[in-house]
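This report is an introduction for a reader who has not seen the structure before. It goes through strands, domains, the ligand site and a few side-chain contacts.

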Amino acid sequence: MSVRLQKFLADAQVASRRKSEEIILSGRVRVNGVTVTELGTKVEENDSVEVDGKPVKPAQKLVYIMLHKPEGYITSAKDQFGRPTVLDLVKSEYRLYPVGRLDYDTSGLLLLTNDGDMTYRLTHPKHNVEKTYIAHIVGTPTEDELRRFESGLEIDGYTTAPAKIKILKRSKLTTVKITIHEGKNRQVRKMCAAIGHEVKALKRAATGRLSLDGLEKGQYRELTDEEIKYLKTL
Ligand code: URA
């Protein structure tokens with residue numbers, strides 16, 4: 001795919017489009033070793049472009065993926081025990097990174113991207129995007145336990161921020177919907193354990209307004225432009 005030289009420079013963050021035009025006109029740009037002063041010269045992916053003799057790295061396409069992570073995969077690029085990782089599930093020509101984590105034994109919504117700024121913002125502790133989980137727990141919490149869960153619990157010497165818990169279904173296990181804003185290690189499991197109810201299965205159903213919808217376990221899709229725009233507002 002070819003692009004106009006000034007756009008190539010602007011996308012690569014050399015300068016604004018207008019300023020890039022000036023840079024080209026002033027003879028500071030070489031394409032494959034040849035000085036180019038004509039605006040609108042097309043460059044291809046593999047062309048080498050230099051400004052003032054320094055190579056310009058082409059902008060990388062930013063990719064945003066939503067994965068329905070199955071249990072049995074770790075959320076990291078490599079595992080010391082050789083267990084499968086979420087990157088084994090997503091085929092991409094780009095080097096993607098998971099945004100935050102889900103435990104090995106947790107399933108659900110996991111974002112992957114090569115947009116480092118987005119990963120940084122969404123995983124920064126001050127960022128308190130709401131996350132919704134569906135948990136299957138042992139026993140049924142009492143009113144008092146539900147209140148304690150919602151108002152803050154002591155786990156690992158730390159008091160959790162206010163959270164929400166709603167009983168959806170009582171069967172052999174109880175199904176609850178949990179909403180938290182934090183993302184401490186195994187937080188949902190530890191919060192449930194703190195009110196005396198072990199988690200037997202856990203799934204993240206939503207991150208903010210993004211939800212798994214019809215994605216089956218192991219399936220993934222690119223985010224829509226609207227979803228990407230929304231994440232950038234968070
Ligand atoms: N809380 C947990 O306990 N585990 C997860 O994977 C995510 C949230």
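## A hairpin of β13 and β14

Strands β13 and β14 are joined by a hairpin, with 3 residues linking one to the other. The model described here is a predicted one. β13 covers residues 164-170 and β14 covers residues 174-180; the two run antiparallel and are held together by 6 bridges. Within this pairing, I167 is placed opposite V176 of β14.

Strands in a sheet pair through hydrogen bonds of the backbone, in a parallel or an antiparallel way. Both kinds of pairing appear in the sections below.

## Two domains

The domain assignment divides the protein into domain 1, residues 3-55, and domain 2, residues 64-226. Taken over C-alpha atoms, the centres of domain 1 and domain 2 are 44 Å apart.

## The sheet of four strands

One open sheet contains 4 strands in the order β3-β2-β5-β6, and its pairing is antiparallel. The edges are taken by β3 (34-35) and β6 (54-55); each has a single partner strand, so one side of each has no neighbour in the sheet.

Inside this order, β2 (residues 29-31) and β5 (residues 49-51) run antiparallel and share 3 bridges. Across from V31 is V49 in β5.

## Strand β15 and its partners

Which way do β9 and β15 run relative to each other, parallel or antiparallel? Strand β9 (residues 106-113) and strand β15 (residues 199-207) run parallel, with 3 bridges between them. In this pair, G108 faces R204 of β15.

β15 also pairs with β10 (residues 131-137), here in an antiparallel way and through 7 bridges. The bridge partner of Y133 in β15 is R204. R204 therefore appears in both pairings, opposite G108 and as the partner of Y133, where strands count as paired if at least two bridges are found between them.

A further partner of β15 is β16 (residues 210-211), which runs antiparallel to β15 and is joined to it by 2 bridges. A206 stands across from S211 in β16. β15 and β16 make a hairpin with 2 residues between them, and G208 in the turn has a positive phi of about 55°.

## The ligand site

Which residues are around the ligand? They are L102, D103, T106, Y133, R186, Q187, V188, R189 and L202. Helix α5 (residues 187-194) gives the largest share of this shell, with 3 residues. Y133, already met as a bridge partner of R204, is also one of the residues of the shell.

Contacts with the ligand involve both side chains and backbone. An N or O atom in the side chain of D103 is 2.7 Å from a nitrogen atom of the ligand. In the side chain of T106, an N or O atom lies 3.1 Å from a ligand oxygen atom. For R189, a backbone N or O atom is 3.1 Å from an oxygen atom of the ligand. On its own the ligand has 240 Å² of accessible area, and the protein covers 95% of this.

## Rings and charges

How many aromatic pairs are counted? The count is 0 aromatic pairs, where ring centres have to lie within 6.5 Å of each other to pair.

Charged side chains do lie over ring faces. R83 is placed over the face of Y104, at 4.6 Å from the ring centre. K184 is placed over the face of Y158, at 4.4 Å from the ring centre.

Methods: Residues are numbered from 1 along each chain as its sequence is written. This is a predicted model: local features need pLDDT of at least 70, side-chain atom pairs count only at pLDDT 80 or more; totals for chains, interfaces and linings use all residues. Side-chain values use heavy atoms; hydrogens and water are left out. Rings of Phe, Tyr and Trp (its six-membered ring) pair if their centres lie within 6.5 Å; planes under 30 degrees apart count as stacked, over 60 as edge-to-face and the rest as tilted. A charge sits over a ring if NZ of Lys or CZ of Arg is within 6 Å of the ring centre and within 35 degrees of the ring normal. Domain bounds come from an automatic or database domain assignment. A residue is near a molecule or strand if one of its heavy atoms lies within 4 Å of it. A polar contact is a pair of N or O atoms within 3.5 Å; within protein, one must be able to donate a hydrogen and the other to accept it, and residues adjacent in sequence count only if both atoms are side-chain atoms. Accessible areas come from the Shrake-Rupley method with a 1.4 Å probe; for residues, only the protein chains shown count as cover.
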